[in-house]
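Reader: I am new to this structure, and I would like to go through it step by step with questions. Could you take each one slowly and show the reasoning behind the answer?

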Amino acid sequence: MGSVTGPQRQFPSGGDYAEALQHTHLCFRHPELRGARPELTKLGLPRAISGSFASVFSLTSVTSGQRYAVKCFTRHVPDQERRYQAISTRLAQLDPAELSQPWALGFEYLPDAISVGKERYPVLKMEWCEAVTLSSWLDDNHADRFAVGRLADRFEALTRDLAANQIAHGDLQHGNLLVASDDTLRLVDYDGMYVPALAGLNGTERGHRNYQSPLRGNDDFGDKLDRFSAWVIFLSLKAIAADPGLWNRLHEPKGEFLLLAEEDFKSPSGSTGLQTLLSHPDRMVSGLADQVRSLAFQPLDLLPPLDATVPRQRTAATGATRAAASGAGTAPAPAAGGLPGWMAGHVPQPAPPPSIGPTVTSPDGFRVRTLLDVVTAMLWPLALAATALLVVTGYRAPLIGPGVPVAAALLFTAFARSRRAERAQSRAALAQLTNELARLGDPVKAAEKLRQDRAELDAAETKRIAAHPRAQDKLTARYHAELKEAEKRKVRRQRDLDKKIDGLAEELLRALVKALADKQSAYVRDQLSRRLIAQSLPPGIGQTLAARLADAGIRTAADFTGYRSVLNTSFTSTGAELVLSNGRVVAVHGIGEARAIALDVWRKSHIASAEARQPTALSASERQSIKQGIDRRRSQLTTQRKALESETDALRAKARKELQEAQERLNRENAQAGDRARKKRQELSRRAVELQQNSALHGTLSASVEAAKLRQRGLSYASYLRFLYLGH
């Protein structure tokens with residue numbers, strides 16, 4: 001039998017290999033694999049771990065007791081033997097003392113190793129490692145920050161080992177990274193590994209989609225193949241070490257990723273997981289997330305290696321950092337409008353304050369005399385002289401007395417004073433200042449209102465900021481509850497199907513027993529139908545009675561099943577009714593109880609004779625037909641069981657989509673609320689600057705009003721009289 005390694009022949013399926021491995025003493029030639037004990041499923045079949053082009057079985061050698069992982073290929077891989085020999089040679093050259101940890105596992109490529117049908121196929125015999133996958137380890141240990149952080153450092157050391165030896169694994173992911181009992185890492189699945197001896201070839205696979213760059217293609221094959229995957233895994237480990245809650249928030253049970261998946265790399269802006277990491281308060285986490293986001297759309301050969309000196313903050317400098325770098329220790333210069341420099345561009349400029357001084361000046365006294373002032377000044381001496389004359393002469397006339405000239409002078413002086421421009425200017429200036437002060441409002445009340453608005457905004461923002469992660473956790477909890485319920489339904493249905501599958505053996509036995517019983521019953525009925533009453537008359541039955549029985553439908557031993565005793569109407573004798581095979585009863589004239597008994601005995605004798613000759617076993621074809629029916633039933637149940645995983649995956653996908661939509665909606669609403677709060681805070685800042693200006697202006701205006709009132713007092717009646725005669 002020749003080896004089948006070329007593309008012209010199809011490889012067996014995982015099921016074909018499982019069937020062959022039920023007889024390892026026949027299918028293997030290798031001394032350690034021949035007769036080895038495979039790990040079995042509940043159905044008693046070798047347990048297979050299936051991949052994209054191979055199935056892996058666990059076998060324990062009966063000669064050495066050593067446990068091996070045997071990989072059986074299900075499709076052709078170009079240059080398969082050459083690749084494995086090159087990889088095996090390169091790994092054998094590694095010095096374990098120079099490695100950070102014993103991550104390399106030994107393996108042996110065995111051509112023509114296993115016989116399936118009439119052909120022989122190659123297998124890969126690998127050292128078995130007692131370890132758990134990275135995702136399973138994180139399920140149990142994600143809350144231990146120190147352990148996760150230490151594992152991240154060990155993973156980084158493993159990537160340095162690979163790079164130093166010009167090796168790339170090709171499919172770094174949670175399933176191919178195993179964590180041993182001492183918390184060191186092991187690498188498994190070397191199918192897509194690159195070593196220098198394979199330079200110039202193309203890759204055989206593209207790796208797990210949730211760990212690969214969107215730009216990776218089949219022609220990407222070199223020592224830089226792992227760089228994007230390494231950054232993704234390192235980010236996940238460091239993020240979990242910094243914030244263990246991220247595992248439950250971003251990972252899903254049995255999910256084929258750690259924290260980020262393929263869609264996160266393809267559409268970073270719409271990725272809830274990536275945005276969560278980018279906005280994380282830990283600078284190292286956000287910096288690593290920013291690095292992964294930037295690497296997702298760069299050619300693989302330009303990606304930087306994973307280095308222990310990972311940036312602890314975002315690579316893009318913030319405005320504050322740039323300011324500190326350009327002039328540390330210098331205070332920000334005030335911007336136009338009285339705002340400090342750091343607020344320029346963030347707070348809308350306040351409206352220019354109203355004019356501090358009135359447009360019309362308030363005079364503090366009378367200035368230049370007018371003709372009316374001169375007349376008024378001349379009027380008073382005349383009024384006083386007239387008054388004196390009236391008093392001396394004792395002049396008495398109707399409506400004219402000594403006080404009339406003085407009163408007239410007083411009235412004329414008041415009129416002249418009212419006509420002075422200074423009076424109008426003073427009133428206008430005071431009115432303007434009073435109106436401006438009234439428009440400005442009370443700064444004390446404005447400050448209290450500003451304080452209240454700020455307190456309300458701060459309380460609302462504190463509530464919003466605290467509520468957002470709670471709402472996220474609530475969505476995540478609901479999502480995990482849906483996943484858990486889907487998993488419970490799947491397990492429950494699997495258990496029911498397994499029970500039915502396990503019961504097929506007993507069902508087969510019952511079917512065989514029933515089929516034999518049906519066959520025997522049919523044989524007996526056939527024999528009875530051949531025993532004609534007219535040809536083999538029972539005792540006491542003549543041809544006349546046989547004819548009567550035939551008229552009643554009883555011609556053979558198969559036509560009736562017995563009799564039933566009845567009393568004749570005279571109650572002097574006992575008659576009989578015969579029970580037909582269809583359950584009806586008939587009374588035949590001449591058939592009494594005695595003849596009915598004889599007829600029944602005759603029938604039973606033929607039954608006994610037929611049963612003595614009836615078949616005791618089913619034929620091979622009959623057994624095969626029944627077994628095929630059970631096999632079809634087993635196939636249907638097995639297909640239903642396999643479909644459960646797809647149905648559950650669909651439920652998981654639906655739950656994840658609903659989670660992502662809800663998270664996007666929540667984040668969008670939170671961002672909108674944050675924008676509204678920022679605008680409100682900007683408005684409050686503008687009001688604060690305006691209030692500061694208004695407070696100063698209020699004091700200035702108040703002082704101006706008092707000064708205007710004081711100047712107005714300088715324009716009194718007495719001041720006007722003094723101005724008339726003294727000029728000031």
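**Questions and answers on the model**

Reader: Where is Val77 found, and is Val77 buried or exposed?
Author: Val77 is found in the loop between E4 and helix H3, which spans residues 80-92. The model is a predicted one, and in it Val77 has a relative accessibility of 6%. Buried means under 20% relative accessible area, so with its 6% Val77 counts as buried.

Reader: How many Å separate Val77 and Phe53 in space, C-alpha to C-alpha?
Author: In sequence, Val77 and Phe53 are 24 residues apart. Taken from C-alpha to C-alpha, the separation of Val77 and Phe53 in space is 8.4 Å.

Reader: Which elements give two or more residues to the lining of the largest pocket, and which gives the largest share?
Author: The largest pocket holds about 1,700 Å³ of space, and of the 40 residues that line it, Thr41, Arg47, Ala48, Arg641 and Lys642 are the closest to its centre. Two or more lining residues come from each of helix H1 (14-20), strand E2 (48-50), strand E3 (54-60), helix H4 (134-141), helix H15 (443-502) and helix H19 (620-713). The largest share of the lining, 8 residues, comes from H19.

Reader: How many residues in the lining of the largest pocket are nonpolar, polar and charged?
Author: Sorting the lining of the largest pocket by class gives three groups. The counts are 8 nonpolar, 18 polar and 14 charged residues.

Reader: Which residues lie nearest the centre of the second largest pocket, and which element gives the largest share of its lining?
Author: About 1,100 Å³ of space lies in the second largest pocket, and among its 37 lining residues Ile49, Gly175, Asn176, Val188 and Asp189 lie nearest the centre. The elements that give two or more residues to this lining are E2, E3, strand E4 (67-73), strand E6 (119-127) and strand E7 (131-133). By class, the lining of the second largest pocket divides into 16 nonpolar, 12 polar and 9 charged residues. The largest share, 3 residues, comes from E7.

Reader: Where is Asp189 found, and what is its phi?
Author: Asp189 is found in the loop between strand E9 (185-187) and helix H6 (227-242). Most residues other than glycine have a negative phi. Asp189 is not a glycine, yet it has a positive phi of about 65°.

Reader: What is the phi of Asp112, and in which strand is Asp112 found?
Author: Asp112, which is not a glycine either, has a positive phi of about 55°. At 25% relative accessibility, Asp112 counts as partly exposed. The element in which Asp112 is found, residues 107-116, is strand E5.

Reader: With which residue does Asp453 form a salt bridge?
Author: Asp453 and its partner both lie in helix H15, 4 residues apart, which is about one turn of the helix. Asp453 is buried at a relative accessible area of 9%, whereas the partner counts as partly exposed at 43%. The closest N and O atoms of the pair are 2.9 Å apart, and the partner of Asp453 is Lys449.

Reader: How many residues apart are Lys519 and Glu622, which form a salt bridge?
Author: In this salt bridge the closest N and O atoms of Lys519 and Glu622 are 3.0 Å apart. Lys519 is partly exposed with a relative accessible area of 26%, and Glu622 counts as partly exposed at 30%. The pair links distant parts of the chain, Lys519 in helix H16 (residues 504-530) and Glu622 in helix H19, and the separation is 103 residues.

Reader: Which residues do salt bridges that share partners join into one network with Asp649 and Arg652?
Author: The side chains of Asp649 and Arg652 meet in a salt bridge at 2.4 Å, N to O, and because they are 3 residues apart in helix H19, about one helical turn separates them. Asp649 counts as partly exposed at 36% relative accessibility, while Arg652, at 8%, counts as buried. Joined with Asp649 and Arg652 into one network are Lys254, Glu487, Lys490 and Glu645.

Reader: How many salt bridges does a search of the whole structure find?
Author: The pairs discussed above include Asp453 with Lys449 and Lys519 with Glu622. For the whole structure, the search finds 34.

Notes: Residues are numbered from 1 along each chain as its sequence is written. This is a predicted model: local features need pLDDT of at least 70, side-chain atom pairs count only at pLDDT 80 or more; totals for chains, interfaces and linings use all residues. Side-chain values use heavy atoms; hydrogens and water are left out. On a 1 Å grid over the protein atoms alone, a cavity is a set of points where a 1.4 Å probe fits but cannot get out, and a pocket is an open set with protein on both sides within 12 Å along at least five of seven lines; lining residues have an atom within 4 Å of a point. Grid points are joined across faces, edges and corners, and a volume is the space filled by probe spheres set on the points. Ala, Val, Leu, Ile, Met, Phe, Trp, Tyr, Cys and Pro count as nonpolar, Asp, Glu, Lys and Arg as charged, and the others, Gly among them, as polar. A salt bridge is a side-chain nitrogen of Lys or Arg within 4 Å of a carboxyl oxygen of Asp or Glu. Buried means under 20% relative accessible area, exposed over 50%, partly exposed in between (1.4 Å probe, protein chains only).
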